[in-house]
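Here are my notes on the model you sent, as numbered points. They deal with aromatic contacts, one helix and internal space.

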Amino acid sequence: MAHDSLVVQDRRFTLEILTADTAAQDRLDAGAAELFGLFLSREAEFGFNPDVVVDYPDIAAGGAFLADPAGYVAARRDAAGAPVDRVVVLTTLAPRVGAALEALGFLARPIDMPAGPDGTAAFLWPPVEEAAAGRVLYVEAVDEADPKIRPNFVLRLLDETGALQGGACGSIHARDGRPYAYLATMTLAGGLPPGTGTRLAAALVAVLRRAGVAKVHLGTQTAGPFYEKLGFRTVLRLIPALRHRQTPEGRQVPHDLVMMELDLTPG
């Protein structure tokens, strides 16, 4: 286990760096779960666009979505309560559901993340990539138990008392001899000094560079502008203004559902 120090304004933090070489898998799993819990508490600060109907199907074996994906999506569209102008299905189970959705008229948009789930894709109806204005049905069917996204790195940001204040976790896997990273979670507790997130992100990038990572991939509903400032580029914008955050002045700031990547190769 390695440690770095981060000083932000008058606060000194310790960054605990866990990898598959320095920590057992159950320790990595526990660290990732702890960060995800913090992430969920912060996500509660964001609202959903009322024009987007969000559905998380049961993806267990024998569930309706896997048994009949086309029928499941059609039923959800019919039950949306008002006409639906666009349907977006984001899934890590494309090999199992893709053919049925394409037969229903969906456009398949594979999402290549070498360190993420191999079956990741978006299915779009009408079959065009450009987002249409109007009411949207968003179906997210992600297998969080996919062994490929089980964490093999965890960064824990600790304050002066040793309390968790944030961190990042994800997985690194190689393709054609080159390591790639999938960032599952990066989050901070509230009330930290401005700039803490940028310093955490810089430390994460340094760790990934030391591991020889070529590119980092992620999906986000709420942090696109933050990642853009770090140099990430949007490779697919699935739903504009899916979420929103309210400023202290009462203004709503929209956030898009996007897939992003950061190129870490020299030059």
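1. Rings of Phe, Tyr and Trp (its six-membered ring) count as a pair if their centres lie within 6.5 Å, with planes over 60 degrees apart called edge-to-face. The model is predicted, and a search of the whole structure gives four aromatic pairs.

2. One of these pairs joins F226 and Y227, whose rings are 5.5 Å apart centre to centre with 65° between the planes, an edge-to-face arrangement. Y227 also pairs with F232: the centres are 5.2 Å apart and the planes stand at 65°, so this pair is edge-to-face as well. F226, Y227 and F232 together make up one aromatic cluster.

3. Are the members of this cluster buried or exposed? Y227 and F232 are both buried. The relative accessible area of Y227 is 6%, and buried means under 20%. F226 has a relative accessibility of 27% and therefore counts as partly exposed.

4. Two arginines sit over aromatic rings. R77 lies over the face of W125, 4.7 Å from the ring centre. R243 places its charged end over the ring of F48, at 4.0 Å from the centre of that ring.

5. Helix α5 covers residues 196-210, which is 15 residues. The expected span is 1.5 Å times one less than the number of residues, so α5 should span 21 Å, and its end C-alpha atoms are indeed 21 Å apart. After α5 comes G212, which has a positive phi, near 80°.

6. Which residues of α5 are buried? They are T196, G197, L200, A201, A203, L204, V207 and L208. Viewed down the helix axis, the buried residues of α5 fall within an arc of 160°, so they line one face of the helix.

7. On internal space: rolling a probe the size of a water molecule over the atoms shows where empty space is left. For this model, a search of the whole structure finds one cavity of 30 Å³ or more. The largest cavity holds about 50 Å³ of space.

8. What lines the largest cavity? The lining consists of L183, M186, A201, L204, V205, L208, V216, Y227, L230, F232 and L262. Two or more lining residues come from each of β11 (178-188) and α5. The most come from α5, which gives four residues.

9. Points 2, 6 and 8 are best read together. Y227 and F232 belong to the aromatic cluster and are also in the lining of the largest cavity. A201, L204 and L208 are among the buried residues of α5, and these three residues line the largest cavity too.

Technical notes
Residues numbered from 1 in each chain as written. Predicted model: local features only at pLDDT ≥ 70, side-chain atom pairs only at ≥ 80, totals over all residues. Heavy atoms only, no water. Phe/Tyr/Trp six-rings, centres within 6.5 Å; stacked < 30°, edge-to-face > 60°. Buried < 20%, exposed > 50% of the residue type's maximum accessible area, 1.4 Å probe, protein only. Lys NZ or Arg CZ within 6 Å of the ring centre and 35° of its normal. Arc of directions from axis to C-beta. 1 Å grid on protein atoms, 1.4 Å probe; cavity = no way out; pocket = protein on both sides within 12 Å on 5 of 7 lines; lining within 4 Å. Points joined across faces, edges and corners; volume = space filled by probe spheres on them.
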